[in-house]
Amino acid sequence: QISASSRASRRVREKMLGASIALFALLCLPSAATESSIYSYDIVVPRSAIPGESLTISVAVSAAAAAAKTDDDDPPGSIDVVALQDNATISTASSQNVRAGNNNLLLEVPSGVSGVLQVGIVVWDSSRSTALHSTDSLVTVRSLTKVVLIQTDKPLYKPGDTVLGRVIVLKPDMTAASGNVSVHFRLKTRNVNIATFKNLALDSGVAKFELPVSPEPVLGEYVVCAEYKETSA
C-alpha cells in the first residue's frame, strides 16, 4: 500500500526533473521530506516585492547534531525557486551549492509586473532525484511612488506671523525629483482655498514658500496640500 505522502513524493520526482517550468507542480503538493530526516529547513520569503528589483529568499538548513544519520537522510544539494502568475512562469532562481546554515537566493522581479506572485521553493538531494522539501508563498508586487513631504517652520501661528515652508519630492530610490509643485492653504472647516502657490520649481527636490498671515485672519485649523507635476526629461 502506498501512502499519500509517498504518492506526492513520486509525483514531485516525475514532474520536476529536467524542466524548470515543472516546478509549478510542487506548488500544490505537500513537502516530500520524511519525518525521520535529520535535516530541517527554515525558509523566509518576503511578503512584498518591487518591480525591477531582486527578491531575497533565505533557506536555512540545519541538522540535528544528536540524531543518527540513516540511508534515508540525503543531504540537500540544490535549491530551485520559481515565481508564477496566472500559471505562467515569471522568474526562476537556483543554487547548486547548498550548505548548512543560511542560503540566500536572488529572484529577479521583472519590471512591469504587479499583483500577486506564487513563489515555490524546492530543496533537492545531491543527485536531484528526490525533492527533500517544498513549500510555496504569496508575494505582492507593488510599484513604489514618489514621496511628497510638506514641512513648516512651526505648528502654530499668530496673526501677523509668516509661514515658512517647503515641499520635498523624492523618487522611489530616495533621490531628489525634478518638476513643479503647487501648494494650497485651506481652512479645514470650510474646505476652501485661502492661498495658492502655483508651479514652484523644484531645486534638488525642494521648493520653498512663504505665506504672511493676515493681522485679522479667520481663526482655526488650516491644511496645507501639495500637488506634484513631473517634467519631461
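1. Tyr222 lies in strand β14, which spans residues 222-229, in what is a predicted model. With a relative accessibility of 32%, Tyr222 is classed as partly exposed, because that class covers values between the 20% limit for buried and the 50% limit for exposed. Together with Val192, Ile194 and Val218, Tyr222 makes up a nonpolar patch on the surface, and the accessible area of these residues together comes to about 300 Å².

2. The pairing around Tyr222 can be followed into strand β11, where Leu187 is the residue standing opposite Tyr222 of β14. β11 and β14 are joined by 8 bridges and run antiparallel to each other. Strand β11 itself covers residues 180-187 and is mostly covered, since 6 of its 8 residues are buried.

3. β11 also pairs with strand β12 (residues 192-201), again in the antiparallel sense, and here 7 bridges join the two strands. Within this pairing, His184 has Thr196 of β12 as its bridge partner. The two strands form a hairpin in which 4 residues lie between β11 and β12, and in the turn Asn191 takes a positive phi of about 55°.

4. A separate point concerns the open sheet of 5 strands, whose order is β2-β8-β7-β4-β5 and whose pairing is mixed. Which strands stand at its edges, and why is one side of each left without a neighbour? The edge positions belong to β2 (48-49) and β5, and because each has a single partner strand, one side of each has no neighbour in the sheet.

5. Inside that order, β8 and β7 are adjacent, and the pairing of strand β7 (residues 115-125) with strand β8 (residues 131-141) is antiparallel and extends over 10 bridges. As a landmark for inspecting this pair, one may take Val123, which stands opposite His133 in β8.

6. Is Ser95, a residue of the edge strand β5, buried or exposed? Ser95 belongs to β5, the strand made of residues 88-95, and β5 is one of the strands at the edges of the open sheet. Ser95 is nevertheless buried, because its relative accessible area is 17% and the class takes in values under 20%. When neighbours within four places in sequence are left aside, the contacts of Ser95 are Gly77, Ser78, Ile79 and Leu105.

Note on methods. Residues numbered from 1 in each chain as written. Predicted model: local features only at pLDDT ≥ 70, side-chain atom pairs only at ≥ 80, totals over all residues. Heavy atoms only, no water. Patch = residues over 30% accessible without salt bridge, like charges linked within 9 Å, V, L, I, M, F, W, Y side chains within 5 Å. Areas by Shrake-Rupley, 256 points an atom, 1.4 Å probe, with all protein chains shown as cover. Salt bridge = Lys/Arg side-chain N within 4 Å of Asp/Glu carboxyl O. Buried < 20%, exposed > 50% of the residue type's maximum accessible area, 1.4 Å probe, protein only. Contact = heavy atoms within 4.5 Å. Pairing = 2+ DSSP bridges.
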